[in-house]
Amino acid sequence: MNFLSSGSIRIKLALLIILAVLPGLTILLYSGLEQRRLSIEKAEHAVSMLTHAMAEAQNETALTARQTLSVLALLPGVQAMDLPACTEIFQAVLAQNPNCINITLLDLKGDVVAAARPFTDTNLADRKHVQEALKTRGFAVGEYILSRVSVEVPAFAFAMPVLNPAGNPRAVLTMAVNLASFSRFHDISHLPEQSIVAVTDHQGLRLFYYPSQEQTNPIGQPI
């Protein structure tokens, strides 16, 4: 009988201890969950801001490329395929656009006939932006490329056809933008330390990766 009483006492004491500790455990659990929720919300907000900033910058880059190529396509020297004049004009435009790698003029075969930078025999007929510019007879946005003209660096390209008075293409203008310009966007984010930022094109090719990990996450490779 005493044994049962002693056991009952121990059970009651255990229950009392649990009841005493339970509110504290509940508060700790709630606090942990709340902190996790707030951390997720903060990260989502930072990612949303970063994505919006990158999208706006990409739109501005595309708009600048479109305006620049549209004006160039109408210049008399470009319309006349005056190659020395085109080279001089392209060099002047390049000097005012630090994010731009190169501006080129292609014939209808895709051969580079003039460029802001020195070049050897180069053909860009296989490029998405060149093909779409000729197909649509309008401004075309490209994809990740390794620039072939003068320097081989990761770039994003745009194209605009040069049309004759009848509206038919007589040449194609291209502009390549350095992908390193993406690096400045991480400075505006408030992501936690050790966060990773990656950007891909429509094919899933990596355009940007922060912090840089060329051994394991190289630019230009699929995710």
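**A tour of the aromatic cluster and the nonpolar cores**

Begin by selecting F139, F156 and F158, which together form one aromatic cluster. The model on display is a predicted one.

Within the structure, the count of aromatic pairs comes to two. Display the rings of F139 and F158: their centres lie 5.8 Å apart and their planes meet at 10°, so this pair is stacked. The pair joins distant parts of the chain, with F139 in the loop between α4 (128-136) and β3 (140-146) and F158 in strand β4 (residues 154-163), 19 residues apart. Both F139 and F158 are buried.

From F158, widen the selection to the largest nonpolar core, which has 33 residues. The residues with the most contacts inside this core are L69, F90, L105, F158 and L173. Elements giving two or more residues to the core include α1 (2-74), α3 (83-95), β1 (100-106) and β5 (169-178). The most comes from α1, with seven residues.

Next, centre the view on L173. Leaving aside residues up to four places away in sequence, L173 touches L69, L72, A73, V78, F90, T104, L105, F158, A159, M160 and V162.

Then select L106, L124, A133 and V172, which are among the nine residues of a second, separate core.

Finally, turn to the cysteines C86 and C100. C86 counts as buried because its relative accessibility is 0%, and C100 is likewise buried, with a relative accessible area of 8%. How many disulfides does a search of the whole structure find? The search finds zero.

Definitions and conventions:
Residues are numbered from 1 along each chain as its sequence is written. This is a predicted model: local features need pLDDT of at least 70, side-chain atom pairs count only at pLDDT 80 or more; totals for chains, interfaces and linings use all residues. Side-chain values use heavy atoms; hydrogens and water are left out. A disulfide is a pair of cysteine sulfur atoms within 2.5 Å. Buried means under 20% relative accessible area, exposed over 50%, partly exposed in between (1.4 Å probe, protein chains only). Rings of Phe, Tyr and Trp (its six-membered ring) pair if their centres lie within 6.5 Å; planes under 30 degrees apart count as stacked, over 60 as edge-to-face and the rest as tilted. Helices (H or I, at least four residues) and strands (E, at least two) are DSSP runs, numbered from the N terminus. A nonpolar core is a set of buried Ala, Val, Leu, Ile, Met, Phe, Trp, Tyr and Cys residues joined through side-chain atoms within 4.5 Å. Contact means heavy atoms within 4.5 Å.
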